[in-house]
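User: I am new to this structure and should be grateful for a close look at a single part of it. Please choose one strand and describe its surroundings in a connected account.

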Amino acid sequence: MARTTERQPFSPRRLFSLQRRRERGFTLIEMVISLAVMLQIMVATFLVFESNRRLSQVQTATAEMQQSLRIGQHDMVRLLRMGGRGGLPLQDPSLPIPTPEPPIPFGLALLVRNDIGSNEHIVVANTTSPRVMEGTDVLTVRGALNNPVYILDRDQPNTAGTRGFTLNPDGVSGSVEVCWQVAAGLRQDLAALVNLVDATQPGFTFRQEALIMVSSFDDRKYAVVELVEEGSTLNASNTCVAIDADDDGAVDDTGVTLEFTSEGGLHTLDYNKISPGGGTTNAEIQARLAEFVSEGISYIGVLEEYRYYVRDEADSPANTHEIQSVLTRSRFYPNTDNPYPTIDNFASLKVDIAENVFDLQIAIGFDTDGDGDAEEGPSSSDEWIFNDEGDVQLNGMLRSMRISTLVRTDRPDNKYQAPILLGLEDRVYGTGATSAINSDEARKYRRRILRSDVSLRNNFQIQP
Ligand SMILES: [Ca+2]
Ligand SMILES: [Ca+2]
Ligand SMILES: [Ca+2]
Ligand SMILES: [Ca+2]
């Protein structure tokens, strides 16, 4: 348009009429209005786009958070359901209650360390071990959890007539022969046992594993002893029939002979304490081992122990608004504070299960009146402990456990304030600037709580 005008010979009249036509076409007001409309459309488009982007970010963060929560919870529930597998009871009435502070429940397969204080560590006496988030709970699960429970064939007495179980003359040590073939045509996989005792394996080290053995006569008769790898062999020809278990063409695989001791080992004092009558002497274990000679044992397993906790990764415990917390699993030699597999490597106690989990609470249901259920009520006088601030220790049959975890999104959202959380189980979160959960900073994160109920089988009862 402008070029066409320039080509015309200069004429004020033509220019004037052209200007009038133009003004008739687009008045200044029209221009301003159309600009304003266009601007509004652009702003609206941007807002829709920005809102979608934020929504998508929030959805992604929330999905990640819930996924993290589910993974973490799944792992704990899986092991909790297997707690005691291999024969370790959830509770044992014969154990003396230690002073000053009993583990709660006074358990063998399951323990809870409730309400962690400020600057506490997963190994209480070792400050180089990971720090546990203040106010959270620690869950310990013991049992033959990741490896098979091995069957001993009591129909097949060995040459000494001891069905694979041999007690040495000292009365505290002996051996157990575990066979590849349990009965005619029935095999079991001994690969994990082979790895434990085969010194020719790459990376082989001596591990003073806890072995749990259960009587053929009574499932409640068990003993926890220490594996002695030095004498253990890949040969169990006294009891076992040879088969070709490793498919090398030679019928030369019989089983594994596990040497054990209940005295004088690296962990035997600690293993004694989770055996019946466990205390400062192992007289009861010796009596039990003597019984095994006549009764035989039906099962043997490698006992494991895992502790779940919220690891506090912040630079200092006082740094409350920059919580860096990870739901963590640590493995220990059972009933010891020795990390597994290297007993002095406390830094190794960090298997990450889920990030941004910043509370773990465990509540426990007992049946105290013998009606078969653990009733839960609104007051602190129900059959549950750790579900209420005022709870005291209960004695009764362990029935249920409830795991609650609290997770938050990875990044703060400065335009967001999460609803205030009053508390979780027996923990009260508090409010105000110093609350790790409800300060303005802490509420910039979206949070979710996930609860899982696990019902527990149990033959044993806690006594008053
Ligand atoms: Ca073979
Ligand atoms: Ca608690
Ligand atoms: Ca009841
Ligand atoms: Ca209660």
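**Strand S13 and its partners**

Analyst: Among contacts in the chain between residues at least 6 apart in sequence, 71% join residues at least 24 apart. The model under discussion is predicted. Its chain comprises six helices and 21 strands, and of its 464 residues 39% count as buried.

Within this chain, the present account concerns strand S13, which covers residues 297–312. Of the 16 residues in S13, 15 are buried, so the strand is largely enclosed by the rest of the structure. A residue counts as buried here if 20 or more other C-beta atoms lie within 10 Å of its own.

The pairings of S13 may be taken in the order of its partners along the chain. Strand S4, residues 138–143, pairs with S13 in the antiparallel sense over five bridges; in this pairing Thr140 has Arg307 of S13 as its bridge partner. Strand S5, residues 150–151, also runs antiparallel to S13 and is joined to it by two bridges. Here Ile151 stands opposite Tyr299 of S13.

Strand S10, residues 210–215, is a further antiparallel partner, with six bridges to S13. Ser215 is matched in that pairing with Ile297 of S13. Finally, S13 pairs with strand S14, residues 325–332, in the antiparallel sense over eight bridges. In this case Asp312 stands opposite Ser325 of S14.

To draw the account together, S13 has antiparallel pairings with S4, S5, S10 and S14, and 15 of its 16 residues are buried.

Notes:
Residues numbered from 1 in each chain as written. Chains lettered and ligands numbered in written order. Predicted model: local features only at pLDDT ≥ 70, side-chain atom pairs only at ≥ 80, totals over all residues. Helix = DSSP H or I, 4+ residues; strand = E, 2+ residues; numbered from the N terminus. Buried ≥ 20, exposed ≤ 12 C-beta atoms within 10 Å, placed from the backbone. Contact = placed C-beta atoms within 7 Å. Pairing = 2+ DSSP bridges.
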